[in-house]
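Q: Pick one part of this structure and take me through it up close. I'd like to know what sits beside it and which way its side chains point.

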Amino acid sequence: MQANRDNALPPAHGRGPFAATLLGLVAAACAQGALAQDFIYVVRPGDNPWNITERYLKSIDYWPRIQDYNRILEPTAIQPGTLLRIPVGWMRARQDTARVIDVHGSVEHRRGSTVEPVVAGMELTAGATIHSGDDGSLTIEFADGSRSRVGNNAELRVGQVQRLNASGAQQVGIELKRGQIESVVTPARKAGGRYTIETPAAVAAVRGTDFRVRTDGTAMLAETLEGEIALRNQRGETRLRAGTGTQATPSTAPAPAQRLLSAPALDALPERIERVPFSIDIADVPGATGYRTQIAPSAAFTVVASDRVSAAPAVRGEAHLPDGEYMMRVRAIDARGLEGIDAERSIIIDARPEPPFPSQPAPDGFATEERIGFTWGGIADALQYHFELAGDPGFEHLLQREDLVEPHFVLAHALEAGDYFWRVAVTTASEGRGPFSDPQRFRRPQPGPTPEAPEIDGEHLQLRWRASDGAERYEVQVSSDASFSAPEYTLETERAELVMPRPPGGTWHVRIRSQEAAAPMGPWGTPQQLEVPHNHWRALLILLPLLLAL
């Protein structure tokens with residue numbers, strides 16, 4: 001039946017000014033916004049406009065309206081089985097309640113001057129106002145099983161929660177002043193059932209669906225995930241089928257339905273997340289200008305523990321998330337602000353106890369000592385530290401693993417030149433074993449070159465060696481002590497050779513180390529022993545004056 005035909009009224013049939021007044025009231029009732037619905041009543045034997053009105057309508061004064069609305073010419077002779085249409089707004093209803101089944105963070109319930117925190121199990125009646133804080137969310141459940149999850153920074157009023165006397169059908173009306181509601185509405189199986197969310201820009205009306213509504217206090221965004229909703233205001237109407245969304249403002253009709261962006265791919269995400277807060281890159285969704293990540297402590301998603309938006313293709317979680325199992329939802333956001341289809345997956349957060357802070361070797365630093373020492377921040381109630389050293393950032397090829405009671409460790413052997421990675425974790429008495437720190441990369445520079453056989457003449461000693469790749473400078477030590485505890489000579493050069501004064505005759509030890517660009521001096525190369533001949537002629541020249549004086 002067409003809408004213009006449904007709302008048409010018959011002539012007054014000569015009932016005079018009172019009938020005309022009734023017709024005006026009926027016309028006003030039928031014009032009360034586009035969301036008016038009709039209840040279909042099946043006439044039973046003995047029914048007439050008077051006793052139907054007495055049983056099901058708000059006042060006996062409504063009987064002429066039923067007669068006029070249905071064009072009943074013989075009210076005392078209505079055939080059983082006749083279908084009568086009755087505007088739902090005329091019908092008698094009993095007040096019902098809704099119930100808060102879950103709450104997270106800061107959420108307040110206000111009625112008049114009374115303000116109290118919302119708790120699970122709290123009953124809400126028509127007139128109740130809900131305010132959620134920055135970390136707040138809650139789920140409201142209605143008698144038919146429909147649920148609405150309210151997000152953070154939201155303000156809403158429960159405008160209507162009632163059941164029709166005629167059919168027991170549930171009628172729910174929510175006034176959303178700001179924030180977001182995600183609703184899963186049970187299909188209305190009884191005549192007269194309805195569920196509406198009213199915002200300053202438009203009203204969303206449904207009879208059974210899964211949808212989202214957001215408003216900033218002026219504009220409105222709506223997305224349908226399953227079923228269909230009607231989005232209406234005084235300037236027009238749009239139907240949103242599954243997988244579509246649109247926006248509306250008080251001054252414009254709801255825009256035509258737009259296809260929602262597809263769900264992001266989450267297959268590459270790790271099952272276990274060991275850092276909070278976290279930001280993990282995902283594949284881009286074509287057409288996306290942002291991404292929303294919601295994390296809930298249960299698969300039912302009755303509350304949200306973390307709600308983050310990112311301009312980049314990434315999933316994000318907040319720092320306050322405790323360790324545990326969670327359900328994650330991620331969706332792409334288009335240029336209009338419409339949020340797309342959800343991608344879901346379970347995750348485990350295992351971020352505590354937090355790993356110690358690595359100290360030495362510093363990240364991307366250099367380790368030049370022969371036996372490299374590692375240090376990290378101590379934890380007050382640590383039972384054990386867990387140290388790992390590897391030649392790759394994925395720690396697939398471990399070089400060393402140690403369980404320690406002190407926050408430091410020294411290698412017993414020298415490492416070859418190259419890049420290395422280390423990390424550390426801690427076990428505490430209060431939280432057990434935690435995750436490893438991020439891998440810390442350090443570089444072991446090439447050891448210094450080995451000197452070739454020296455050239456010695458009357459006054460000088462010349463050293464040469466093979467040039468090291470990337471070396472900019474060399475440091476050379478010459479010592480009469482093999483331990484180099486107090487070398488007699490420490491010299492520097494930019495070339496792979498050095499000329500120095502000839503040392504006294506005897507056994508000497510030489511070692512060399514090189515320095516790469518933007519790096520400290522590397523480890524010493526293998527020391528070499530050299531023999532400097534004694535210069536007897538020099539000794540004779542020194543003694544000759546003494547001998548001549550005898």
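A: First, a bit of vocabulary: two strands pair if DSSP finds at least two bridges between them. Strands themselves are DSSP runs of E with at least two residues, numbered from the N terminus. Keep in mind that this is a predicted model, where local features need pLDDT of at least 70 and side-chain atom pairs count only at pLDDT 80 or more, while totals for chains, interfaces and linings use all residues. Residues are numbered from 1 along each chain as its sequence is written, and side-chain values use heavy atoms, with hydrogens and water left out.

Let's zoom in on strand 36, residues 440-444. Strand 29 (residues 365-366) pairs with strand 36 in the parallel sense, over 2 bridges. Strand 34 (residues 418-428) also pairs with strand 36, but here the sense is antiparallel and there are 5 bridges. Look at Phe442: this residue is the bridge partner of Gly365, and Phe442 is also the bridge partner of Tyr420. As background, strands of a sheet pair through backbone hydrogen bonds, either parallel or antiparallel.

Now the side chains. They alternate along strand 36: Gln440, Phe442 and Arg444 point to one face and are buried, while Arg441 and Arg443 point to the other face and are not. Buried here means under 20% relative accessible area, exposed means over 50%, and partly exposed is in between (1.4 Å probe, protein chains only). With a relative accessible area of 27%, Arg441 therefore counts as partly exposed.

What does Arg441 do with its charge? Its side chain meets that of Asp419 in a salt bridge (3.3 Å, N to O). This pair links distant parts of the chain, with Arg441 in strand 36 and Asp419 in strand 34, 22 residues apart. The cut-off for a salt bridge is a side-chain nitrogen of Lys or Arg within 4 Å of a carboxyl oxygen of Asp or Glu. Asp419 is partly exposed too, at 30% relative accessibility.

Stepping away from strand 36 for some context, the structure holds 41 salt bridges. Another one pairs the side chains of Asp342 and Arg212 (3.4 Å, N to O). Asp342 lies in the loop between strand 26 (324-333) and strand 27 (343-349), and Arg212 is in strand 15 (residues 210-215), so this pair ties together parts that are 130 residues apart in sequence. Arg212 is buried, because its relative accessibility is 0%.

Glu455 and Arg464 make one more salt bridge, their closest N and O atoms being 2.9 Å apart. Glu455 is partly exposed at 44%, and so is Arg464 at 31%. Elsewhere, salt bridges that share partners join a set of residues into one network, and Arg212 and Asp342 are among them.

Further along the chain there's an open sheet of 3 strands, in the order 37-38-41, with antiparallel pairing. Strand 37 (455-456) and strand 41 (497-501) stand at the edges with a single partner strand each, so one side of each is left without a neighbour in the sheet. Strand 38 (residues 460-464) is joined to strand 41 by 5 bridges, and Gln462 stands opposite Val499 in strand 41.

Methods
Helix = DSSP H or I, 4+ residues; strand = E, 2+ residues; numbered from the N terminus.
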